[in-house]
Amino acid sequence: MHSILSLFLKDDFSGDIVSTCKKIDSSGFKVAEMAVDMSRVYNFSAGPAVLPEEVLKQAADEMFDYQGSGQSVMEMSHRSKVYDGIIKTAEADFRKLLSIPDNYKVLFLQGGASTQFAMIPMNLMKNRVADYIVTGQWAKKAYQEASKYGKANKIASSEDRTFSYIPDVSDLPVSEDADYVYICQNNTIYGTKYKELPNTKGKILVSDVSSMFLSEPMDVTKYGLVYGGVQKNVGPAGVTIVIIREDLITDTPLPGTPTMLTYKTHADADSLYNTPPCYNIYICGLVFKWLLNMGGLEVMKKKNEEKAKILYDFLDSSDMFKGTVVPEYRSLMNVPFVTGDDELNARFIKEAEEKGFVNLKGHRSVGGMRASIYNAMPKEGVEKLVQFMSDFEKNN
Ligand SMILES: Cc1ncc(COP(=O)(O)O)c(C=O)c1O
């Protein structure tokens, strides 16, 4: 447990009130007195996941009255001037963080990352051929979805060893007429990450970066399209950010493509074709500011490397806990591990939860444990987890 801010209406609050926070007055009307609860868990969820405390505090402060507008961001029109400022600033900050060139559009979309599994082929499969590198469940789902729209070729896979590595992607049999080559760059469930991008032999690279979004710098010019659901490193579930090179935004997606699933619809309307997930985009914007204030993605990457090293070093030295991934391909974000004993795994997860280390259960398709240590997980959280694991090992 560590100190935080979470807000409750005082009358409804039954926990230990450490201190009252503030009175909220709106137009002279006393709304509520707030209490501060000082217990917050270390949340190792794979997503939706931990968000920076500074961001949560600012959102709480601005909840009733966003910067003198007299409304919360949840209540305002997406066509209002004040909201226009929020979405434009969010996009500008996002572009700054990733140094996105002018010939790429940034789209704030809905439907989760999974909607992109269909949207990508519908918009990019001109020849109705695409090559997929299958390194986990999410890449597999994208590949299966693409098969509905054309010829999806599985040109490499790591399924033979439970997706515990990334295949050699230096000289793949890329199809002559492939419209793109698709990868999932960080595999949330299996905890693997590409160390080198594939040699696509001149074809467009499309990448799902959901579980590594903004965890480190990325050279956007290497991709035709990059996308991610934001609910891991970037914000609350409900927004998918797509970065797409302008020449790939077409008037002629596959016949029958719905208006809402056409990139051009959203590109032409600056992500305001219909009502966007306004509040969630606002929170993403606060996270972008948090990253910029920290010094940007190089700084974030260093912090993430430090955190991951603490955990991997422990796993490599432990007799009880073992990492499941070929070391070369270890993710900085998702760290699966096992004890080799289901009963022991279950006891570990239970006792960890009692100590305030939550969501450590591995994905149902893998079992064991998984610690997701996204941007907002403090180093202290990883250090304390490792201390707990070490104690657990001594006692069991
Ligand atoms: C890498 C990756 N891609 C896609 C998805 C699917 O995301 P969504 O639930 O937003 O559709 C996930 C979800 O965890 C993921 O980790």
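Let's start with strands E5 and E13: six bridges join strand E5, residues 104–109, to E13, and the two run antiparallel. If you want a spot to look at, find Val-106, which stands opposite Ile-243 in E13. Please keep in mind that this is a predicted model.

E13 has another partner. Strand E12, residues 225–229, is joined to E13 by five bridges, and this pair is antiparallel too. Here Leu-225 stands opposite Ile-244 in E13. So is E13 buried or exposed? Five of the six residues of E13, which covers 240–245, are buried, so the strand is largely enclosed by the rest of the structure.

Now let's go to the ligand. Which residues surround the ligand? They are Gly-47, Gly-112, Ala-113, Ser-114, Trp-138, Cys-184, Thr-188, Asp-208, Ser-210, Ser-211 and Gly-229. Helix H3, residues 112–124, gives the largest share of this shell, with three residues. By character, the shell residues divide into seven polar, three nonpolar and one charged.

Next, please scroll along to helix H8, residues 342–354. How far apart are its end C-alpha atoms? They are 19 Å apart; with 13 residues at 1.5 Å a residue, the helix should span 18 Å, which agrees.

Let's look at the sides of H8. Asn-345, Phe-348 and Ala-352 are buried in this helix. They cover an arc of only 60° around the axis, which puts them on the same side of H8. It helps to recall that an α-helix has 3.6 residues a turn, so residues three or four places apart point the same way. Turn to the face of H8 that looks away from the buried side, and you meet the exposed residues Asp-342, Glu-343, Ala-346, Lys-350 and Glu-354.

What covers the buried residues of H8? The cover includes three strands, E15 (334–338), E16 (357–358) and E17 (369–372), together with helix H9 (379–395). Just a little further on, H8 is followed by Gly-356, whose phi is positive, near 95°.

Let me finish in helix H9, where you will find Lys-384. Lys-384 has 17 C-beta neighbours inside 10 Å, and therefore counts as partly exposed; the label buried would take 20 or more. To get a sense of distance, pick out Phe-64 as well: Lys-384 and Phe-64 are 320 residues apart in sequence, and C-alpha to C-alpha they are 35 Å apart in space.

Thanks for listening, everyone!

Notes: Residues numbered from 1 in each chain as written. Predicted model: local features only at pLDDT ≥ 70, side-chain atom pairs only at ≥ 80, totals over all residues. Helix = DSSP H or I, 4+ residues; strand = E, 2+ residues; numbered from the N terminus. Expected span 1.5 Å × (residues − 1). Buried ≥ 20, exposed ≤ 12 C-beta atoms within 10 Å, placed from the backbone. Arc of directions from axis to C-beta. Contact = placed C-beta atoms within 7 Å. Pairing = 2+ DSSP bridges. Near = placed C-beta within 6 Å. Nonpolar A, V, L, I, M, F, W, Y, C, P; charged D, E, K, R; others polar.
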